[in-house]
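Subject: Structure handover and findings

Dear colleague,

Here is the structure I promised to pass on to you. Please open it alongside this message, since the notes below are meant to be read with it in view.

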Amino acid sequence: MLSNILAAMLPLVVVFSLGYRAGWHKDFNAEQVSTLNRMVMLYAFPLNLFVGITGTPRATLAEQVPLAASVFLIMCGSFAVAYGLSRYVFRRDGAASTLQGLAIGGPSVPFIGSAMLPPLIGHSSATVAISAAVFAMVLVQTPISLMLLAKNADAAAAPPLLKQILSSLEEPIVWAPIVATALVILDLHPPHALLNAMGLLGNTTAGVALFASGIVLFSQRVSITLPVIVTVASRNIVVPALSWLLLAAIGLSHETIRAAIMALSIPVGTVVVILGVRFRVDEREAASTLFLSAVLSVLTMTFFIACVS
């Protein structure tokens, strides 16, 4: 168990630290992070998903449907619940509630899951969980967040939700796993030489995403406030714990519950900081949430790994 915990957490600690050091040493700045993220989202990550899914046998993929549904529905549901509580119970403004909901409901599975999950749940389960998280974040959470943030900034400029979703479908990060899943269902297998070539760039996904997150952490001033503490506690502890109880009550298998909880216990995603900076909304709170969630995840993820193993 200890070796699995170290294998999962070491990439997070080491590469985050290298990114933080790069920001401190002025090797990279916050503006260059967007370039790194663009490369990951347009090329490396779609290739990583495509190679991972096409390498999964059709029978194995069919067995992972409960895992995919669990991750997708819990991410969407926790985002909606967190937004509703923040907006209508705690009376925060619309933009702050949107970012807080996204932070609580959007773990960084698409960005760092490929580095942390395979040692814990295996490559096939990790690929399915990551793909489900991508669909939840890209097709549901991000379009709704963009619409709400734009509406808060300028109601006339807020794009329709359907247009946001249709636009998201054009992104490689969405259609790459869809195409790969279709090939597996049809029992069509691309040549291994081609998959290996794609994997050369695809395998850089987790490292570059973690490195960029470290730079973001350095570039933003950290301030620990009550909303930050509540958000981090909800993301790192409350959501995975309640998900564990819910999935156990439904009667899913131990392997499915374990894989889902490992994915859902991953810390806050960098998309919260990216949107905060873009719309100039609670930038410090977003960066502080990302920082504290990442630091404490070393302890909270270790706890959940030990509990569900």
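By class, how many nonpolar, polar and charged residues does the lining of the largest cavity have? The answer is five nonpolar, three polar and two charged residues, and I should say at once that this comes from a predicted model.

To put that cavity in its setting, the search of the whole structure gave two cavities of 30 Å³ or more, and the largest holds about 70 Å³ of space. Its lining is made up of Ala96, Leu99, Gln100, Ala103, Thr231, Val272, Asp282, Glu285, Ala286 and Thr289. Two elements, helix 5 (94-105) and helix 16 (283-308), each give two or more residues to this lining, and helix 5 supplies the largest share, with four residues.

The second largest cavity encloses about 50 Å³, and the residues that line it are Leu12, Phe16, Ser108, Ile112, Ser213, Pro267, Val268, Thr270, Leu290 and Ala294. Here the elements that contribute two or more residues are helix 1 and helix 16. By class, this second lining has seven nonpolar and three polar residues, with no charged residue among them.

Turning to the aromatic side chains, the search of the whole structure found four aromatic pairs, and I describe two of them here. In one, the ring centres of Tyr20 and Phe218 are 5.4 Å apart and the planes stand at 90°, so the pair counts as edge-to-face. Because Tyr20 belongs to helix 1 (residues 2-24) and Phe218 to helix 12 (residues 205-219), this contact ties together parts that are 198 residues apart in sequence. Tyr20 counts as partly exposed, at 37% relative accessibility, and Phe218 is also partly exposed, with a relative accessible area of 30%.

Another edge-to-face pair is formed by Phe28 and Phe211, with 5.5 Å from centre to centre and 85° between the planes. Phe28 lies in the loop between helix 1 and helix 2 (30-54), whereas Phe211 lies in helix 12, so this pair ties together parts that are 183 residues apart in sequence. Phe28 is partly exposed at 31% relative accessibility, and Phe211 is partly exposed at 21%.

Finally, there is a contact between a charge and a ring to look at: the charged end of Arg87 sits over the ring of Tyr88, at 5.9 Å from the ring centre.

With best wishes

Key. Residues are numbered from 1 along each chain as its sequence is written. This is a predicted model: local features need pLDDT of at least 70, side-chain atom pairs count only at pLDDT 80 or more; totals for chains, interfaces and linings use all residues. Side-chain values use heavy atoms; hydrogens and water are left out. Rings of Phe, Tyr and Trp (its six-membered ring) pair if their centres lie within 6.5 Å; planes under 30 degrees apart count as stacked, over 60 as edge-to-face and the rest as tilted. Buried means under 20% relative accessible area, exposed over 50%, partly exposed in between (1.4 Å probe, protein chains only). A charge sits over a ring if NZ of Lys or CZ of Arg is within 6 Å of the ring centre and within 35 degrees of the ring normal. On a 1 Å grid over the protein atoms alone, a cavity is a set of points where a 1.4 Å probe fits but cannot get out, and a pocket is an open set with protein on both sides within 12 Å along at least five of seven lines; lining residues have an atom within 4 Å of a point. Grid points are joined across faces, edges and corners, and a volume is the space filled by probe spheres set on the points. Ala, Val, Leu, Ile, Met, Phe, Trp, Tyr, Cys and Pro count as nonpolar, Asp, Glu, Lys and Arg as charged, and the others, Gly among them, as polar.
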